[in-house]
Amino acid sequence: MKLYFNPQSRAVIAKWVLDEAGAAYDIVPIDFEKREHKAPEFLKINPAGKLPALVDGNTRLFENPAICLYVAEKFPAAKLAPPVGAPERGRFLSLMVYSTAQLEPSMGDELLKLATPPARGWNDFDTVKDVVEGELGEGPYLFGAQFTAADVMVGSMFIWQRMFGARSGRAKIDAYIDRLLSRPHSMKLPS
Ligand SMILES: N[C@@H](CCC(=O)N[C@@H](CS)C(=O)NCC(=O)O)C(=O)O
């Protein structure tokens, strides 16, 4: 597998899930300043011209949740997803999509101090944090003791928030993020 990567990008999320899976892969460095992500060869892999992208043989993937789902399926022994048919599978798929369809844009609105009208399709950040706290329950992870790709997707958003100097403002979420950051392969805050 080849991960198209720049350390200053969301490709660190894809790297996190690959490392949690114990996957073997090569890093293909992408230089944003040289606009390598807009080169025709790269656009054949990700037509959006963004990182990350993952290539596995004849399979190409873009968008972090898709990469996380693919890696979880390819490496079932890592238990990064409830198996197909398990009752928890539906909640898992929902949280994978929720992370990118609601959590990320709502956090973006908060960081940019934009209003969040309901017509945009996602809730305001306080409501989103209520949902995340509820789904976390007693933890320690979103699926109890089992760390999954949903923790990568949801957790990476709050780690991202810390990179911007902010915290969630919720003790339970902050403790969860500390727990995720202490994992050896987790996406790290810049030192
Ligand atoms: N929703 C995408 C976001 C990808 C994205 O926005 N990547 C940024 C880096 S963090 C990028 O490649 N930006 C370069 C550009 O748009 O020119 C994902 O999760 O994969």
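## Two pockets and a ligand

The lining of the largest pocket is a mix: seven residues are nonpolar, seven are polar and five are charged. Keep in mind that you're looking at a predicted model. That pocket is also the space taken by the ligand, so it gets most of the attention here, with the second largest pocket after it.

**The largest pocket**

- There's about 320 Å³ of space in the largest pocket.
- Count up its lining and you get 19 residues. If you want to find the centre, look for Arg10, Lys50, Leu51, Pro52 and Glu63, which lie nearest to that point.
- Three helices each put at least two residues into this lining: helix 3 (64–74), helix 4 (89–111) and helix 6 (149–163).

**The ligand and its neighbours**

- Which residues surround the ligand? They are Ser9, Arg10, Phe32, His37, Lys38, Lys50, Leu51, Pro52, Glu63 and Asn64.
- Sort that shell by type and you'll find three nonpolar residues, three polar ones and four charged ones.
- Arg10, Lys50, Leu51, Pro52 and Glu63 turn up here too: they belong to the ligand's surroundings, and they are the lining residues nearest the pocket's centre.

**Polar atoms facing the ligand's oxygens**

- Lys50 has a polar side-chain atom 2.6 Å from an oxygen atom of the ligand.
- Lys38 also brings in a polar side-chain atom, this one 3.3 Å from a ligand oxygen.
- With Leu51 it's the backbone that matters: one of its polar backbone atoms is 2.8 Å from an oxygen atom of the ligand.
- How much of the ligand does the protein cover? On its own, the ligand has 510 Å² of accessible area, and the protein covers 79% of that.

**The second largest pocket**

- About 280 Å³ of space lies in this one.
- Its lining is made up of 15 residues, and the ones closest to the centre are Pro7, Val12, Met163, Met187 and Lys188.
- Helix 1 (11–21) and helix 6 each hand over at least two lining residues. The largest share is from helix 1, with four residues.
- By type, the lining splits into eight nonpolar, four polar and three charged residues.
- Helix 6 is worth tracing on the structure: it supplies at least two residues to the lining of the largest pocket and at least two to that of the second largest.

Terms used: Residues numbered from 1 in each chain as written. Predicted model: local features only at pLDDT ≥ 70, side-chain atom pairs only at ≥ 80, totals over all residues. Heavy atoms only, no water. 1 Å grid on protein atoms, 1.4 Å probe; cavity = no way out; pocket = protein on both sides within 12 Å on 5 of 7 lines; lining within 4 Å. Points joined across faces, edges and corners; volume = space filled by probe spheres on them. Nonpolar A, V, L, I, M, F, W, Y, C, P; charged D, E, K, R; others polar. Near = heavy atom within 4 Å. Polar contact = N/O pair within 3.5 Å; in protein donor to acceptor, adjacent residues only side chain to side chain. Areas by Shrake-Rupley, 256 points an atom, 1.4 Å probe, with all protein chains shown as cover. Sits in = over half its atoms within 2 Å of the grid points.
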